[in-house]
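Please walk me through this model in the viewer, step by step, telling me what to select next and what I should find there.

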Number of protein chains: 2
Amino acid sequence: MSQLLRVQNFTVSQDGFGSGEGQTLERPFGHINPMDIFAWAGATAGWPNRTEPGGTRGLDDYFARDFSHNIGAEIMGRNKFGPVRGPWPDLEWKGWWGDTPPFHTPVFVLTHHPRPSFSLADTTFHFLDATPAEVLRQAKEAADGKDVRLGGGVHTVREFLDADLVDTMHIAVAPVEVGRGERLWTSPDELLDRFHLDTVPSPSGVTHLLFWRK
Amino acid sequence: MSQLLRVQNFTVSQDGFGSGEGQTLERPFGHINPMDIFAWAGATAGWPNRTEPGGTRGLDDYFARDFSHNIGAEIMGRNKFGPVRGPWPDLEWKGWWGDTPPFHTPVFVLTHHPRPSFSLADTTFHFLDATPAEVLRQAKEAADGKDVRLGGGVHTVREFLDADLVDTMHIAVAPVEVGRGERLWTSPDELLDRFHLDTVPSPSGVTHLLFWRK
């Protein structure tokens with residue numbers, strides 16, 4: 001089977017925002033409280049950051065677990081790596097993701113300010129100033145036959161959608177309105193010219209939207 | 001994480017039947033036409049028996065693909081292996097699953113008539129006359145840390161439910177009535193004393209039922 005570029009578990013508000021206004025080191029999602037939109041995933045048994053046993057094993061868990069299935073690399077925007085803009089003032093700061101990032105694969109960070117690659121546990125971060133098509137080419141090569149996850153944020157997902165490089169998307173829509181920030185869409189219907197869409201309401205209150213290319 | 005015993009992609013009719021009446025070599029599901037109940041899975045990109053490219057990548061595909069995720073062994077009843085009852089008349093006949101069975105793991109077949117183990121491609125069949133608890137013990141050992149799939153049929157699923165050994169179940173309910181055969185339940189509500197249940201209608205017409213232990 002060919003390698004896919006997949007968006008997985010990307011969560012937006014009812015009004016289409018993937019992050020709020022005013023991203024800082026302490027508030028990666030700006031004015032949004034991340035728990036307001038990620039509660040659906042945090043409740044599942046398969047949530048990668050789960051530290052205690054338990055958790056649900058219903059519909060939401062299928063999506064939470066699918067995060068890493070057959071994924072060999074991730075592509076992310078610079079703002080998902082950290083809040084720094086412009087040149088890197090401190091190469092010792094190694095991103096938001098702690099000593100054991102939840103990716104466990106090569107990660108390609110899009111930035112106009114490349115810096116040397118480094119590894120944290122089994123995740124290696126590479127920094128590229130390149131077109132979406134070129135980043136995808138490198139990520140697929142690194143993924144060694146597996147799929148590539150497009151990790152976000154909103155700007156990065158939009159950039160790859162605009163270049164028509166996305167094969168499948170799982171977007172969870174949380175039942176909250178946030179009003180401002182980085183907006184993925186006004187309505188998911190905007191993508192129906194190019195994608196099939198299954199709309200799946202979960203008993204937890206989120207709605208899972210599953211897009212695949214026509 | 002501990003090893004689970006999971007039922008995956010087990011499909012029943014609206015009225016709860018997993019197979020029809022009159023199983024024969026030519027008709028593994030008896031009077032039921034298997035396509036009537038498995039069409040939902042056959043339409044997906046992830047269907048293990050798919051030979052042509054294409055297929056849907058919506059909700060049904062998530063379940064079809066989950067069939068093998070983190071599975072290290074399968075347990076099945078003798079009637080899922082083949083239609084023969086009583087002693088084996090011909091050890092050269094190696095079951096319904098062809099030269100490359102879709103399991104790709106050790107498979108433990110429950111039978112009162114054990115026969116020697118054998119391998120077909122990367123699937124090895126073992127034949128056990130033992131209690132559900134003992135078969136599960138051996139399957140978990142063979143699964144090497146991964147989960148064990150309980151493959152059916154109906155009688156086998158019921159046996160493990162009655163022994164309270166099942167951790168999660170994905171049952172797809174197809175929108176057809178078949179009237180007679182092997183019945184899993186009169187209503188899924190029968191299990192609600194021991195299981196949580198998410199009921200998820202798919203745009204394709206099947207309803208996915210996701211059970212996990214309370």
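**A hairpin in chain A**

Begin by selecting A:Phe118, which stands opposite A:Phe125 in E6(A). The model is a predicted one. Extend the selection to strand E5 (residues 118–120) of chain A, which runs antiparallel to E6(A) and is joined to that strand by three bridges. Another of the facing pairs is A:Leu120, which stands opposite A:Thr123 in E6(A). Now display the connection: E5(A) and E6(A) form a hairpin with two residues between them, and A:Ala121, in the turn, has a positive phi of about 50°.

Next, add strand E4 (residues 106–110) of chain A, which pairs with strand E6 (residues 123–128) of chain A in the parallel sense over five bridges. On this side, look for A:Pro106, which stands opposite A:Thr124 in E6(A).

**The sheet of chain A**

With the hairpin still selected, add the remaining strands of the sheet. In what order do the nine strands of the open sheet of chain A lie? The order is E5-E6-E4-E3-E7-E1-E8-E11-E10, and the pairing is mixed. The edges are taken by E5 and strand E10 (195–201) of chain A, each of which has a single partner strand, so that one side of each is left without a neighbour in the sheet. Leaving direction aside, neighbouring strands of this sheet are turned by 20° against each other on average.

Then select helix H2 (residues 59–66) of chain A, which lies across strand E1 (5–13), strand E8 (168–174) and strand E11 (207–213) of chain A, and runs at about 130° to E1(A).

**Chain B: the edge strand and the helices**

Move to chain B, where an open sheet of nine strands, with mixed pairing, has the order E5-E6-E4-E3-E7-E1-E8-E11-E10. Here the edge strands are strand E5 (118–120) and strand E10 (195–201) of chain B, each of which pairs on one side only. Select E10(B) together with strand E11 (residues 207–213) of chain B, and you will see the two pair in the antiparallel sense over seven bridges. One position to label is B:Leu197, whose bridge partner in E11(B) is B:Phe211.

Now show helix H2 (residues 59–66) of chain B, which lies across strand E1 (5–13), strand E8 (168–174) and E11 of chain B, at about 130° to E1(B). Add helix H1 (residues 34–42) of chain B and pick out its buried residues, which are B:Ile37, B:Trp40 and B:Ala41. Viewed down the axis of H1(B), these buried residues fall within an arc of 105°, so they line one face of the helix. The elements that the buried residues of H1(B) pack against are E1, H2 and E8 of chain B.

**Where the chains meet**

Finally, display both chains together. Which elements give two or more residues to the side of chain B that touches chain A? The contact takes 14 residues from chain B and 14 residues from chain A, and the elements in question are H2, E10 and E11 of chain B. By residue class, this side of chain B divides into six nonpolar, five polar and three charged residues.

To see how the copies are related, superpose chain B on chain A: a rotation of 180° with 0.0 Å of shift along its axis achieves this, with an RMSD of 0.0 Å. That is the relation of a two-fold axis. Of the interface residues of chain B, 100% are also interface residues in chain A, so the copies meet through the same surface.

Methods. Residues are numbered from 1 along each chain as its sequence is written. Chains are lettered from A and ligands numbered from 1 in the order in which they are written. This is a predicted model: local features need pLDDT of at least 70, side-chain atom pairs count only at pLDDT 80 or more; totals for chains, interfaces and linings use all residues. Two strands pair if DSSP finds at least two bridges between them. Helices (H or I, at least four residues) and strands (E, at least two) are DSSP runs, numbered from the N terminus. Two residues are in contact if their C-beta atoms, placed from the backbone, lie within 7 Å. Axes are lines fitted to C-alpha atoms, for helices over the stretch in contact, and angles run from 0 to 180 degrees between N-to-C directions. Copies are superposed by least squares on the C-alpha atoms of residues with pLDDT of at least 70 in both. Ala, Val, Leu, Ile, Met, Phe, Trp, Tyr, Cys and Pro count as nonpolar, Asp, Glu, Lys and Arg as charged, and the others, Gly among them, as polar. A residue is buried if 20 or more other C-beta atoms lie within 10 Å of its own, exposed if 12 or fewer, and partly exposed in between; C-beta atoms are placed from the backbone. The arc is that of the directions from the helix axis to the C-beta atoms.
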